[in-house]
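Reader: I have a model open on my screen and would like to understand the labels attached to it. Could you take me through the reasoning behind them?

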Amino acid sequence: MRDKTNLALVWRRLYLMFRSIGWAFFVPVIVLNMLLPITQWSEYHKSGLSDELLRHIQQTTAIFVPFFSAWWVTLFLRNVMEVSGGEMLYLGRQKQLLRDLLLIFGVYLADISALYTVYMLAFREMRLEFIKILFPCVFLFSLVFFLGSRTKSISFALFLVFFYVLFDYLIAQSHPVFPLYSTPPNAAFTGRLLAQYLPLLALSGGLIWVTLRFPRKI
């Protein structure tokens, strides 16, 4: 009975956090679950289960999935930090803030997991793509959490996320380099794991540790 009560409280808390985001909550839902599948379905009708469709899926998800990983978290933080008195809710409670943000982030991961499950049914290669895409998602989550503890201008964090994804799209496909996340199609995963993904994960952990260890003084 107590577990059911706690679960109900978690769902209620999630509902209130997402409600505070407003209409912007639906932007990732529409883009990832409606617009992307429509473009991919169109490509499927042109070429079938082909390499062209696989590349199309890889390219579009590499842009939009990492970017939107920080969307809900950033907008919720903006409500907390930029609204007068909002930050007092988490004053001296960085761990509670992190738990709330992890709840939001967990919903996002569940959403993209369902999306990638469909991709995996069509292309076995998408299993590895799913693992790879988790690293920048975690990094951007930790980056926004860090910036949210250092500045009241949370909009800056969203701009930084945008330019990070943009630079990755423009540069990393041909010149993969840390802390960007994309790799050439023929790159060995083990090499990229050591050169890019594990350092990215370590950086993510470092940002979260610094945020918890040295909270911003109000």
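Reader: Why does Glu52 count as partly exposed?

Author: Happy to start there, and please keep in mind that this is a predicted model. Glu52 has a relative accessibility of 40%. Buried means under 20% and exposed means over 50%, with partly exposed in between, so Glu52 counts as partly exposed at its 40%.

Reader: What makes Glu52 and Arg55 a salt bridge?

Author: The test asks for a side-chain nitrogen of Lys or Arg within 4 Å of a carboxyl oxygen of Asp or Glu. The side chains of Glu52 and Arg55 meet at 3.7 Å, N to O, so the pair passes the 4 Å test. The two residues are 3 apart in helix H3, which means that about one helical turn separates them. Arg55 is partly exposed too, with a relative accessible area of 40%.

Reader: How many salt bridges does the rule give?

Author: The count comes to 3. One of them joins the side chains of Arg13 and Asp100 at 2.7 Å, N to O.

Reader: Why do you say that the pair of Arg13 and Asp100 ties parts together?

Author: Arg13 belongs to helix H1 and Asp100 to helix H5 (residues 94-122), so their bridge links parts that are 87 residues apart in sequence. As for their surroundings, Asp100 is buried, with a relative accessible area of 1%, whereas Arg13 is partly exposed at 36% relative accessibility.

Reader: What makes Glu129 and Lys132 a salt bridge, then?

Author: Their side chains meet at 3.4 Å, N to O, and the limit is 4 Å, so this pair qualifies. Glu129 and Lys132 sit in helix H6, 3 residues apart, so about one helical turn lies between them. Both of these residues are buried.

Reader: Why is Thr61 called buried?

Author: Its relative accessibility is 2%, and the cut-off for buried is under 20%, so Thr61 counts as buried. You will find Thr61 in helix H3 (residues 51-69).

Reader: What does the side chain of Thr61 reach at 2.6 Å?

Author: That side chain reaches the backbone oxygen of Ile57. A polar atom of the Thr61 side chain also lies 3.3 Å from the backbone oxygen of Gln58. Polar contacts are counted within 3.5 Å, and the distances here are 2.6 Å to Ile57 and 3.3 Å to Gln58. Setting aside neighbours within four places in sequence, Thr61 is in contact with Gln40, Pro66, Tyr116, Tyr119 and Ile133.

Reader: Why is helix H4 described as largely enclosed by the rest of the structure?

Author: Of the 11 residues of helix H4 (residues 71-81), 9 are buried, so the helix is largely enclosed. Among the buried residues of H4 are Trp71, Trp72, Phe76 and Met81. Across the protein chain, 42% of the 218 residues count as buried.

Reader: Which residues make the nonpolar surface patch?

Author: The patch is made by Phe159, Phe162, Phe163, Phe167, Tyr169, Leu170, Ile171 and Val177, and its area is about 800 Å². Patch members need over 30% relative accessible area. Phe162 is partly exposed at 40%, and Tyr169 is partly exposed at 47%. Tyr169 is found in helix H7 (residues 154-172), and Phe162 has its place in H7 as well. The C-alpha atoms of Phe162 and Phe68 are separated by 9.5 Å, although these residues are 94 apart along the chain.

Reader: How many helices and strands does the protein chain have?

Author: There are 8 helices and 0 strands. Among contacts between residues at least 6 apart in sequence, 69% join residues at least 24 apart. The accessible surface comes to about 12,100 Å², with 68% of it belonging to carbon and sulfur atoms.

Reader: Where is the confidence lowest, and where is it highest?

Author: Helix H1 (residues 2-21) is lowest, at a mean pLDDT of 76, and helix H6 (residues 126-148) is highest, at 92. The chain averages 84, and 87% of the residues score at least 70. Where pLDDT is low, the predicted coordinates should not be read in detail.

How values were computed:
Residues are numbered from 1 along each chain as its sequence is written. This is a predicted model: local features need pLDDT of at least 70, side-chain atom pairs count only at pLDDT 80 or more; totals for chains, interfaces and linings use all residues. Side-chain values use heavy atoms; hydrogens and water are left out. Patches are made of residues with over 30% relative accessible area and no salt bridge: like charges are joined within 9 Å, nonpolar side chains (Val, Leu, Ile, Met, Phe, Trp, Tyr) within 5 Å. Accessible areas come from the Shrake-Rupley method with a 1.4 Å probe; for residues, only the protein chains shown count as cover. Helices (H or I, at least four residues) and strands (E, at least two) are DSSP runs, numbered from the N terminus. Buried means under 20% relative accessible area, exposed over 50%, partly exposed in between (1.4 Å probe, protein chains only). pLDDT is the predictor's confidence in each residue, from 0 to 100. Contact means heavy atoms within 4.5 Å. A polar contact is a pair of N or O atoms within 3.5 Å; within protein, one must be able to donate a hydrogen and the other to accept it, and residues adjacent in sequence count only if both atoms are side-chain atoms.
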